[in-house]
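Reader: I'm new to this one and would like a close look at a single part of it. Could you pick a spot, walk me through it, and then show me how it sits in the rest?

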Amino acid sequence: MTKLFHYFHYVSYLFAIPAIYYILHGSVFRPKNFIEEVGLGIFFMGFTFAFSSMSDIKKISEKERKLFSNPKKYKQKVLSIISLGIAMAIACIFFISIKWIGGDKLQAEKFYHLGLNCMPIVIAIFFELKQINDKKSYFDLINE
């Protein structure tokens with residue numbers, strides 16, 4: 001089962017390709033209507049991050065070893081991930097709420113969809129938090 005999830009980690013590369021395409025294409029070639037394509041790119045980016053957090057917790061890099069060996073840096077890393085997740089969730093709620101605030105109806109609808117497209121990133125950030133926590137637990141277990 002662990003190998004299966006580790007192989008799912010490589011699916012993240014398949015989602016990265018459309019994420020990069022839609023973000024670049026929307027930003028460069030469709031500047032008037034970029035919110036829709038950038039939102040779709042962000043949607044795929046969320047899946048990229050989610051699948052990338054499925055790697056094997058037993059594979060710990062040298063950089064991660066240094067991080068896990070220093071409790072202060074590990075705590076800062078966890079707090080930064082939590083802060084990023086909360087900030088992204090607030091941004092999603094803000095973009096979604098624009099639909100009901102008023103103003104330009106078409107623009108509000110585009111921001112509403114952008115907020116919905118950001119939801120996978122929020123979920124992926126908390127997947128990453130779980131992944132780093134599991135790696136830390138495994139690191140502590142093998143270094144007792």
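Author: Let's start with E37, which is in contact with Y22, I23, H25, G26 and R30, leaving aside its neighbours within four places in sequence. Keep in mind that this is a predicted model. E37 itself lies in helix α3, a helix that covers residues 34-52. Is E37 buried or exposed? With a relative accessible area of 10%, E37 is buried, because the cut-off for that word is under 20%. That's worth a look on screen: a Glu, which counts as negative here, sitting at 10% relative accessible area. The residues it touches include Y22 and R30, so if you colour by contact, where heavy atoms come within 4.5 Å, those are two to pick out.

Now stay in helix α3 and slide along to T48, which has its place there too. T48 counts as buried, at 12% relative accessibility. Which residues does T48 touch, once those up to four places away in sequence are set aside? They are S12, F15 and A16. So helix α3 gives us two buried residues to look at, E37 at 10% and T48 at 12%, and each has its own list of partners: Y22, I23, H25, G26 and R30 for E37, and S12, F15 and A16 for T48.

From there, hop back to the start of the chain. Helix α1 takes in residues 2-8, and F8 lies in it. F8 counts as partly exposed, at 34% relative accessibility. Together with L4 and F5, F8 makes a nonpolar surface patch of about 260 Å². Set F8 beside T48 and you get two settings: F8 is partly exposed, whereas T48 is buried.

Next, let's go to the other end and follow the charges. Side chains of opposite charge can pair when their charged atoms come close. How many salt bridges does a search of the whole structure find? It finds four, and here are some of them.

Take K99 and E109, whose side chains meet in a salt bridge with an N to O distance of 3.8 Å. K99 lies in helix α5 (residues 71-101) and E109 in helix α6 (residues 105-142), so this pair ties together parts that are 10 residues apart in sequence. K99 is partly exposed, with a relative accessible area of 28%, and E109 counts as partly exposed as well, at 29%.

Another pair sits within helix α6. The side chains of K130 and D134 meet in a salt bridge, 2.5 Å from N to O. Why can they face each other like that along the chain? K130 and D134 are four residues apart in helix α6, so about one helical turn separates them. D134 is partly exposed, at a relative accessible area of 24%.

Further along helix α6, K136 forms a salt bridge with D140, and their closest N and O atoms are 3.0 Å apart. Here too the two residues are four apart, which means about one helical turn between K136 and D140. The two ends of this bridge fall into separate classes: K136 counts as buried at 13% relative accessibility, while D140 is partly exposed at 34%.

One more stop in helix α6 is F126. F126 is partly exposed, with a relative accessible area of 36%. It touches G85 and I86, not counting residues up to four places away in sequence. If you'd like a distance to try out yourself, go from F126 to P71: they are 55 residues apart in sequence and 20 Å apart in space, C-alpha to C-alpha.

Now zoom out. The protein has six helices and zero strands, so from the N terminus on the elements simply run α-α-α-α-α-α. Its C-alpha atoms fill a box of roughly 60 × 30 × 25 Å along the principal axes. Of the 144 residues, 35% are buried, and E37, where we began, is one that meets the cut-off. Among contacts between residues at least 6 apart in sequence, 70% join residues at least 24 apart. As for the outside, the protein exposes about 9,400 Å², with carbon and sulfur atoms supplying 69% of it. Finally, back to charge: there are 18 positive and 11 negative charges, and their mean positions are 3 Å apart.

Technical notes
Residues numbered from 1 in each chain as written. Predicted model: local features only at pLDDT ≥ 70, side-chain atom pairs only at ≥ 80, totals over all residues. Heavy atoms only, no water. Buried < 20%, exposed > 50% of the residue type's maximum accessible area, 1.4 Å probe, protein only. Areas by Shrake-Rupley, 256 points an atom, 1.4 Å probe, with all protein chains shown as cover. Charge placed at Lys NZ, Arg CZ, Asp CG, Glu CD. Patch = residues over 30% accessible without salt bridge, like charges linked within 9 Å, V, L, I, M, F, W, Y side chains within 5 Å.
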